[in-house]
Amino acid sequence: MPALAIALVVAGALGILTAPRALAPLASPPAVAGYTDEQRDNAAIIMRAGRDLGLSVRDQAIGVVTALGESSLRVIDYGDWETSGVTNPDGTPTTSIGLFQQQDGWGTRDERLDAYTSAVLFYRAMLARVPDRDTLAPTLVAHRTQVNQDPDHYTRYWPLAVSLIEEISGQSSGLDPAADPAADPGR
């Protein structure tokens, strides 16, 4: 067998030619420019929850992009109702809290304020609500999971999410941070 063919077989077996299925945050994630320790640690927790559920790198990035867009990766105990009087479509006050600004229907207050549990709640909803997620732009998956009013809300956070998961894991994700994830025919 020619040397190049052998090298390709070995590289494929070692996973060098493909992006890893999931990224594991480093035991002590490094400081990441532009993010507080709290934000970095919360991104690592979101990644860990995705990995624990057997989800892909892309799904982990979708979790991180969603929390970036909802709370700037902070576990906050208030939401849009308290800050700006935003209501649900039926006129009731929102009850959004936590990393993903999840309302009462997502889980208990304690569950929504726990970073790991709220990430699991997000991923379970994503799997249930967006079964065709691999055919859609990542930010559209986030939108369909969260049911945000603006389908393009998460788009500006995609490059940040990709670079953040790569820095936290110390590995390449194989995702394109420069791609326009909303420019997808599946919309």
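In which helix do D37 and R40 both lie, and how many residues apart are they? Both belong to helix α2, where three residues, about one turn of the helix, separate them. The model described here is predicted. Its protein chain has eight helices and zero strands, and the mean pLDDT of that chain is 84. The points below cover the fold, the confidence values, the nonpolar core, helix α7, residue Q102 and the salt bridges.

**Overall fold and surface**

- Along the sequence, the protein chain reads α-α-α-α-α-α-α-α.
- The protein chain has 187 residues, of which 44% count as buried.
- Taking the contacts between residues at least 6 apart in sequence, 59% connect residues at least 24 apart.
- About 9200 Å² of the protein chain is exposed, and 55% of this area comes from carbon and sulfur atoms.

**Confidence of the prediction**

- In the protein chain, 80% of the residues have a pLDDT of 70 or more.
- Among the elements of the chain, α6 has the highest mean pLDDT, at 98, whereas helix α1 (residues 3-13) has the lowest, at 43.
- The pLDDT stays below 50 over residues 4-19, and this stretch makes seven contacts in the model beyond near neighbours in sequence.

**The largest nonpolar core**

- In soluble globular proteins, nonpolar side chains tend to be buried together.
- The largest nonpolar core of this model holds 40 residues, and the members that touch the most others are I46, V64, L73, Y123, L164 and I165.
- Two or more core residues come from each of α2 (37-52), α3 (57-71), α6 (115-129), α7 (138-146) and α8 (158-169).
- The greatest share is that of α3, which supplies seven residues to this core.
- Beyond residues up to four places away in sequence, Y123 touches I46, A49, G50, L53, L55, D59, Q60 and G63.
- I46, one of these contacts of Y123, is itself listed with Y123 among the core residues that touch the most other members.

**Helix α7**

- Helix α7 is mostly covered, with eight of its nine residues buried.
- The buried residues of α7 are P138, T139, L140, V141, A142, H143, T145 and Q146.
- The cover over these buried residues includes α3, α6 and α8.
- V147 follows α7 and has a positive phi, near 60°.

**Residue Q102**

- Q102 sits in the loop between α4 (80-84) and α5 (109-113).
- Q102 counts as buried because its relative accessible area is 0%, under the 20% cut-off.
- The side chain of Q102 comes to 3.1 Å from the backbone oxygen of S118.
- S118 also appears among the contacts of Q102, which are T95, S96, I97, R112, S118, L121 and F122 when neighbours within four places in sequence are left aside.

**Salt bridges**

- Side chains of opposite charge can pair when their charged atoms come close.
- The structure contains six salt bridges.
- D37 pairs with R40 in one salt bridge, with 3.3 Å between the closest N and O atoms.
- The partners differ in cover: D37 is partly exposed at 47% relative accessibility, whereas R40 is buried, with a relative accessible area of 10%.
- R51 and D52 form a salt bridge through their side chains, at 3.1 Å from N to O.
- D52 is partly exposed at 43% relative accessibility, and R51 is likewise partly exposed, at 31%.
- R58 and D134 form a further salt bridge, in which the closest N and O atoms are 3.9 Å apart.
- This pair joins distant parts of the chain, since R58 lies in helix α3 and D134 in the loop between α6 and α7, 76 residues apart.
- R58 is buried, with a relative accessible area of 16%, whereas D134 is exposed, with a relative accessible area of 57%.
- D37, R40 and D41 are joined into one network by salt bridges that share partners.

Methods:
Residues are numbered from 1 along each chain as its sequence is written. Side-chain values use heavy atoms; hydrogens and water are left out. A nonpolar core is a set of buried Ala, Val, Leu, Ile, Met, Phe, Trp, Tyr and Cys residues joined through side-chain atoms within 4.5 Å. Buried means under 20% relative accessible area, exposed over 50%, partly exposed in between (1.4 Å probe, protein chains only). Helices (H or I, at least four residues) and strands (E, at least two) are DSSP runs, numbered from the N terminus. Contact means heavy atoms within 4.5 Å. Accessible areas come from the Shrake-Rupley method with a 1.4 Å probe; for residues, only the protein chains shown count as cover. A polar contact is a pair of N or O atoms within 3.5 Å; within protein, one must be able to donate a hydrogen and the other to accept it, and residues adjacent in sequence count only if both atoms are side-chain atoms. A salt bridge is a side-chain nitrogen of Lys or Arg within 4 Å of a carboxyl oxygen of Asp or Glu. pLDDT is the predictor's confidence in each residue, from 0 to 100.
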